[in-house]
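The exercises below ask the reader to work through a structure one element at a time. Please keep the sequence and the model in view while following each solution.

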Amino acid sequence: MRRGVLILSASMGAGHDGAANELRRRLEARGHRAEVRDFLTMAPFDIGGLVRWTYQLQLRFAPWTYELTYKYLLPVLYWPIVLIDSWFTRVRLRRVIEQFDPDVIVCTYGLPALVLGRWRKKGLLRIPVVTFCTDFSVHQMWVHHSIDLHLTVSPRSAELAQRHSAGECRAPGPLVREVFRVDRPDRDEARRWLNLAPTDRTVLVVAGSWGVGEVSDTVKAIAAAGDFHPITVCGRDEELKRDLDELGIGTVVGWTDQMPKLMAAADALVENAGGLTCMEAFAFGVPVVTYRPIPGHGRDNAQTMASAGANRYAHDDDELATALAEVTAPGIARQRLLHSASALFASDPSDDVLETAAQADFVPAPLRVRKSPRRVASVAASLALVYGGLTVGAQAVAARGVGVAKAPRGATGAAYIGVRVDRTELHDPALVAALKTSGVTVIVDGRTAQHCGRQLERLAGAGVDIGNGGWGKGRPLRWQRARNDVEHSANVISKQTGVVAHEFVPERRLDAFDQYYSRRKKEKLVKPDHTFTPTNVPATIADRGVYLLDARKSDPGVVQVAISALAERVGAAGLHEQPLEVLR
């Protein structure tokens, strides 16, 4: 092999990147050139970031939508997705391939495999392509019959890939860093590091780098199952860490790079997705119990691992208690799990990659874009379907409270108030004075902020929360409109007031583009429960409700009266006013 290996991954979680980087490390250790590229960066307009954000949003706030997508929509939309991916990534992906000039391309994520499989089928690419399926359960979106070789983490996974009409399939086993197989940390030292007693039965609880799933309920179930000490890794979810710290059960760990040491201290691992940490536990020799798996691939992985004898799938609290009692103590049940998990590591996947590269010595053929009417129509229809999901679909999901800010968990006795104003109100000294003492969030658009910087600066200096109300003027394309409303407007408000707007309160129906840019800008997306004018203040106020007084183009004196009336009705309900910045 002369030119090297191009590895296409995706920043959709630790599993894909972890496998890609470990394969690169092994190839480089053998003297071969290898490079990892993120496939999601190859689509324009940051579409890859939008895909990643949507996936995370589904898992965190609406797991039922991911289950629906995974089981029913993706198989139906297989070919439209292939067409869309090929259309959007064809230029940048071709450029990457031509610049690197590899002997073989390896995909540790499904989407690039579908694109390259299509190119291979049409004769547009003569370089061999290998797919490494990182999950136990191989979804249809992972395979393409024109891919040269599919590598899987278990023989059972290879059977599933073959069932989806894949080409040649092999099962060399997971790609896991060597620290989990050799030179492992000392168990006694690791337990002293965590202040554990020698007799503590420890259960390591993981939920991926995003901390998704029913983690708090899992920790409670482990504590109720017996004399176990949970060690919970929260990933990058700071809110989850705060909740677990308040719960006070076991040891709580935030983001960490000390997983080998944590596994050395553990008697068992409880997980919910079948991802990278699960594979690392198999290599380390820690028995794995899957409990309350996340929808979609998490549940499929749990069932596939159980059928392969690699894990214990606990379907309820009683099964969890039984499984933990058996696998944390020496005995046949524990040994069977460890033996099945160890047997997965049959060979080195890098051997299969190098063997595939040695069988061909080609260069990529030019990628020709045939703009037939049928193809253009197919791409247009597919784009329309995706666009509908990002707009109308996102509006329907947001109507259920998904992806928008809410009252903090467990918080009661408060109503969350915002007042949307324009230049007329901000130039009235009496109203500005009332806003300073009201305890509400003042919401302005970017164009208003351009002309009322001094007034907003004074409000911010008095401790008033300033929210972003958008730009105040629409754009024809929705992603441009969202970027203008969220990013450009927030930047103007920050420049004029010296403070950062932590909330985005659109004056229109929101869509996925608003949700994506709000997430990227770290602005909470607020969808009020009730929006009203100064002459229509609600008669009753609900606990934990979010209220927006739209005072634009209103007489400042009338607005003052409305603010006072609202405060009286909040007090009459036994509540107190809170600004929108308190929402989570």
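The model is predicted, and the exercises begin with a single bridge between two strands.

**Exercise 1.** Find the residue that is the bridge partner of Glu271 in β11, and then describe how strand β10 is joined to its neighbours.

Solution. The bridge partner of Glu271 in β11 is Thr290. This pair belongs to the contact between β10 and strand β11 (residues 288–291), two strands that run parallel and are joined by 3 bridges. Turning to strand β7 (residues 201–206), one finds that β7 also pairs with β10 in the parallel sense, over 3 bridges, and here Ala268 of β10 is the bridge partner of Val203.

**Exercise 2.** Decide whether the residues on the two faces of β10 (residues 268–271) are buried or exposed.

Solution. Take one side to begin with, where Ala268 and Val270 are buried. On the other side Leu269 and Glu271 are buried as well, so that both faces of the strand are covered, given that buried means under 20% relative accessible area.

**Exercise 3.** Place β10 in its sheet, and work out which helices lie against that sheet.

Solution. The sheet is open and consists of 6 strands in the order β9-β8-β7-β10-β11-β12, with parallel pairing. Its edge strands are β9 (251–253) and β12 (312–314), each of which pairs on one side only. Neighbouring strands are turned against each other by 25 degrees on average, with direction ignored. Helix α11 packs on this sheet and touches β7, β10 and β11, its direction making about 160 degrees with that of β10. The same helix, α11 (residues 276–284), forms a right-handed β-α-β unit together with β10 and β11. Helix α12 (residues 297–307), in turn, lies across β10, β11 and β12 and runs at about 135 degrees to β12.

**Exercise 4.** Classify the crossing of helix α2 (residues 47–61) and helix α3 (residues 63–76), and describe the residues that meet there.

Solution. Two packed helices are described by the angle between their axes and the distance between the axes. The axes of α2 and α3 come within 5 Å and cross at roughly 120 degrees, which makes α2 oblique to α3. From α2, Tyr55, Gln58, Leu59 and Phe61 take part in the contact, and they meet Pro63, Thr65, Tyr66 and Thr69 of α3. Sorted by type, the residues of this contact comprise 5 nonpolar, 3 polar and no charged.

Key: Residues are numbered from 1 along each chain as its sequence is written. This is a predicted model: local features need pLDDT of at least 70, side-chain atom pairs count only at pLDDT 80 or more; totals for chains, interfaces and linings use all residues. Side-chain values use heavy atoms; hydrogens and water are left out. Buried means under 20% relative accessible area, exposed over 50%, partly exposed in between (1.4 Å probe, protein chains only). Helices (H or I, at least four residues) and strands (E, at least two) are DSSP runs, numbered from the N terminus. Two strands pair if DSSP finds at least two bridges between them. A crossover is right-handed if, with the strands pointing away from the viewer, the path from the first strand over the helix to the second runs clockwise. Axes are lines fitted to C-alpha atoms, for helices over the stretch in contact, and angles run from 0 to 180 degrees between N-to-C directions. Contact means heavy atoms within 4.5 Å. Angles under 35 degrees count as roughly parallel, over 145 as roughly antiparallel, 65 to 115 as roughly perpendicular and the rest as oblique. Ala, Val, Leu, Ile, Met, Phe, Trp, Tyr, Cys and Pro count as nonpolar, Asp, Glu, Lys and Arg as charged, and the others, Gly among them, as polar.
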